[in-house]
Amino acid sequence: MSAAAALQAGLAEALRDAESLAALTGVFDAPPVRAALPHAVIEETLRYDSPVQMLFRNTTRDTELDGVAIPEHSQLLVSFAAANRDPAGFDEPGEFRLDRELTKHVGFGMGVHYCLGSPLARAEARIGLRAEEHTSELQ
């Protein structure tokens, strides 16, 4: 999923919820909100509807996962979407909420598999939010 598609998904989700819509109205009116709210929209979008939902990984050796033996050269499907909706990690994980602390989502992967393009994607999303704000001012 591209940054533009992720932004579109996040805005669509935020617009479904009256409280989120009210929060997005006038995003750039007050300086403290100007900095905080776009970040919340972007990060919650990445958690709620991650650009990468799942990836295949191959085992390099025999291993065991949760009591299940997995032989070397097995292919596993890793679901990031499930990790971002884990109730142990997020209160009410099925809800799109702009008020949550978002420091541990895996919308761009993690560790050695962390997306090197994530700063660019976040920058594109911030620019997109600003463009949306200016477009709505013109209408």
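Helices, of at least four residues, and strands, of at least two, are runs assigned by DSSP and numbered from the N terminus. In the predicted model examined here, the protein chain holds 5 helices and 4 strands. Their order from the N terminus is α-α-α-β-β-β-β-α-α.

Confidence varies along the chain. The mean pLDDT is 78, with 69% of the residues at 70 or more. Strand β3, comprising residues 68–70, has the highest confidence at 96, whereas helix α2, comprising residues 18–24, has the lowest, with a mean of 60.

The protein chain contains 139 residues, of which 36% count as buried. Its exposed surface amounts to about 8900 Å², and carbon and sulfur atoms supply 58% of this area. Among the contacts with a separation of 6 or more, 55% are between residues 24 or more positions apart.

One residue, R100, illustrates the local arrangement. R100 is located in the loop that lies between α4 (80–84) and α5 (118–138). Because its relative accessibility is 11%, and buried means under 20%, R100 counts as buried. When residues up to four places away in sequence are left out, R100 touches E44, R47, F90, D91, E92 and E95. For two of these residues, D91 and E92, polar atoms can be specified. A polar atom of the R100 side chain lies 2.7 Å from the backbone oxygen of D91, and the side chain of R100 also reaches the backbone oxygen of E92, at 3.1 Å. With respect to E43, R100 is 57 residues away in sequence, while the C-alpha atoms of R100 and E43 are 9.6 Å apart in space.

Technical notes:
Residues are numbered from 1 along each chain as its sequence is written. This is a predicted model: local features need pLDDT of at least 70, side-chain atom pairs count only at pLDDT 80 or more; totals for chains, interfaces and linings use all residues. Side-chain values use heavy atoms; hydrogens and water are left out. Buried means under 20% relative accessible area, exposed over 50%, partly exposed in between (1.4 Å probe, protein chains only). Contact means heavy atoms within 4.5 Å. A polar contact is a pair of N or O atoms within 3.5 Å; within protein, one must be able to donate a hydrogen and the other to accept it, and residues adjacent in sequence count only if both atoms are side-chain atoms. pLDDT is the predictor's confidence in each residue, from 0 to 100. Accessible areas come from the Shrake-Rupley method with a 1.4 Å probe; for residues, only the protein chains shown count as cover.
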